Amino acid sequence: MPRSNRPSRPGGGARSKWAPPPELDLERARSGFPTHESAPDGEWSVRRITERSAAKEYKCPGCHSVIPSGLAHLVVWREDSLLGAEAALADRRHWHVQCWRTRSYRY
C-alpha cells in the first residue's frame with residue numbers, strides 16, 4: 001500500500017496563513033535577556049529564571065540555602081571582571097530574588 005502524504009492528525013498539520021498567530025508568552029520571552037545593574041560592588045548582568053525554566057537545584061550565595069527546582073530565581077555575573085567575559089560567565093551564580101536585592105556590599 002502506498003504511503004499518504006496527508007497529515008494523520010485531525011484538523012490538518014499546518015496552520016492556515018489566515019489563522020491568528022499563537023499568543024506570545026511575554027514572561028518567557030523577557031526571561032532570556034539579561035538586564036544590567038550598576039551597584040557599589042560593580043557592574044552586573046542579571047537574568048531572571050522562570051519557574052518553568054528552573055530545572056535544577058542551586059545553592060544561593062546570599063543565604064547559603066538551596067534554591068529548589070521549579071522556583072523562580074536570578075542568574076548573576078559580573079560585567080567588569082578582570083579576567084574577561086568568559087571567566088565572568090563561568091563564575092555566574094544563582095540567587096534568590098530577595099537575597100540579591102538585600103545583599104550587603106563588603107569592602
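**Three tryptophans and an arginine**

W100 is buried, with a relative accessible area of 3%. In this predicted model, the rings of W95 and W100 pair edge-to-face, because their planes sit at 75°, past the 60 degrees that this label needs. Their centres are 5.2 Å apart. W100 also belongs to one aromatic cluster with W44 and W95, and that's the bit to look at here.

**Ring pairs**
- The count of aromatic pairs comes to two.
- One of them joins W44 and W100, and it's edge-to-face, with 5.4 Å centre to centre and 80° between the planes.
- That pair ties together distant parts of the chain, as W44 and W100 are 56 residues apart.
- W44 sits in strand β2 (residues 42-49), while W100 belongs to helix α3 (residues 97-101).

**Burial of the partners**
- W44 counts as buried because its relative accessible area is 13%, and the cut-off for that is under 20%.
- W95 comes out buried too, at a relative accessible area of 13%.
- So the cluster of W44, W95 and W100 is built from buried rings: W44, W95 and W100.

**A charge over the ring**
- R103 puts its charged end over the ring of W100, 3.5 Å from the ring's centre.
- W100 therefore has R103 over its ring, besides its edge-to-face partners W44 and W95.

Conventions. Residues numbered from 1 in each chain as written. Predicted model: local features only at pLDDT ≥ 70, side-chain atom pairs only at ≥ 80, totals over all residues. Heavy atoms only, no water. Phe/Tyr/Trp six-rings, centres within 6.5 Å; stacked < 30°, edge-to-face > 60°. Helix = DSSP H or I, 4+ residues; strand = E, 2+ residues; numbered from the N terminus. Buried < 20%, exposed > 50% of the residue type's maximum accessible area, 1.4 Å probe, protein only. Lys NZ or Arg CZ within 6 Å of the ring centre and 35° of its normal.
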